[in-house]
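Biologist: Thanks for sitting down with me. Could we go through this model together, a few places at a time?

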Amino acid sequence: MSGPEKKTGRERGEEWWQTDIIEMRPGVIRLRGYEIQDLIGRISFPAMIWLMLRGELPDEEQATLLGIALGAAVDHGPQAPSIAIARMAATCGVGINSAMASAINVLGDVHGGAGEQALSFYGDIAAALDQGTALADAVAARLDRFFAEEEGYVPGFGHRFHPVDPRAPRLIEVTRDFAARGIIGGRFADIAEAIEAELAQRKGKTIPLNIDGATAVIYGELGFPPALTRGLFVLSRSVGILAHAWEQSQQSDRNKGPLPREWLWAYTGMPVRPFPGRDEESN
């Protein structure tokens, strides 16, 4: 027979969704090669996340640090669009899964994407360090490029609500502790603090690190690529989304909109005007 041997239907089916993540057949479930029953009760949820995403088990300290970052960003109240949407969806009578899906679907570049953007920003500076550039020079060059070519705020810095995001200093403190014990290198913490210092010099005031910038430091220290940082934020914020959707579902409100019903939106369209020909019809 000339050419590649034709595969059987079963072989074709098996390769259709081929995966390195899970092996399963009746009575058997293996995740990344580990029997599920060997994992149950022996590893934490953050360790399971690590295993599923990275293919290997983390050590206990790595799993602990991942869990700390995930736990820090679970909620930011109904003023956060995702949380507000979860609660509004729940008042429409949909189930928990629909309320959560509605909320998660708005976690994009603007609301939910800053951590990924921050880690990419840090990564550019880290790449310059690898080429021998001094930290201060690498930070200055990246900020020069940002202000010349990009728009908006430096990702991971400043907050529209908090003068100082109370989560960020604590996360950096924890990161420094883990670095001092040799669990991580501390390089991304150095980069974030150098950016903060350079921004303060340029702006004449401190623009402090926020939750997105601080969790990006930890995810970078743990070796996660920027794109996964957004997914990890979704996992984290899903906890708050679930809590708020559940709380709202236990209350009696129905069709609860974004504002109290006595507050209406500002109308900016055309003033009242007659429909053409209506006066002639009435005569």
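Biologist: Happy to start at the beginning: in which strand is the place of Glu-23?

Modeller: Keep in mind as we go that this is a predicted model. The strand in question covers residues 22-25. Glu-23 therefore has its place in strand E1.

Biologist: Is Glu-23 buried, partly exposed or exposed?

Modeller: The relative accessible area of Glu-23 is 36%. Buried would need under 20% and exposed over 50%. Glu-23 therefore counts as partly exposed.

Biologist: Which residues does Glu-23 contact, and what distance separates its C-alpha atom from that of Ala-168?

Modeller: Setting aside neighbours within four places in sequence, Glu-23 is in contact with Val-28, Ile-29 and Arg-30. Ala-168 lies 145 residues from Glu-23 along the chain. Between the C-alpha atoms of Glu-23 and Ala-168 the separation is 39 Å.

Biologist: Lovely. Now to the helices: how are H10 and H11 oriented to each other?

Modeller: Two packed helices are described by the angle and the distance between their axes. For H10 (residues 187-203) and H11 (residues 211-221), the axes come within 8 Å and cross at roughly 150°. Angles over 145 degrees count as roughly antiparallel. H10 and H11 are therefore roughly antiparallel.

Biologist: Which residues meet there, and how do they divide by character?

Modeller: H10 brings Arg-187, Phe-188, Ala-189 and Ala-192, which meet Val-217, Gly-220 and Glu-221 of H11. By character, the residues of this contact are four nonpolar, one polar and two charged.

Biologist: Which residues touch the most other members of the largest nonpolar core?

Modeller: That core has 49 residues. Helices H3, H4, H7, H8, H9, H10, H11 and H12 each supply at least two of its residues. Leaving out residues up to four places away in sequence, Ile-195 touches Phe-121, Tyr-122, Ile-125, Val-139, Leu-143, Val-154 and Phe-157. The residues touching the most other members are Tyr-122 and Ile-195.

Biologist: How many residues are in the second, separate core?

Modeller: Its members include Ala-80, Ile-83, Ala-89 and Met-100. This second core is made of nine residues.

Biologist: One last stop: is Ser-238 buried or exposed?

Modeller: Ser-238 has its place in helix H12. Not counting residues up to four places away in sequence, Ser-238 touches Met-100 and Ile-104. Its relative accessibility is 14%, and the cut-off for burial is under 20%, so Ser-238 counts as buried.

Methods: Residues numbered from 1 in each chain as written. Predicted model: local features only at pLDDT ≥ 70, side-chain atom pairs only at ≥ 80, totals over all residues. Heavy atoms only, no water. Axes fitted to C-alpha atoms, helices over the stretch in contact; angles between N-to-C directions. Helix = DSSP H or I, 4+ residues; strand = E, 2+ residues; numbered from the N terminus. Parallel < 35°, antiparallel > 145°, perpendicular 65-115°, else oblique. Contact = heavy atoms within 4.5 Å. Nonpolar A, V, L, I, M, F, W, Y, C, P; charged D, E, K, R; others polar. Core = buried A, V, L, I, M, F, W, Y, C linked by side-chain atoms within 4.5 Å. Buried < 20%, exposed > 50% of the residue type's maximum accessible area, 1.4 Å probe, protein only.
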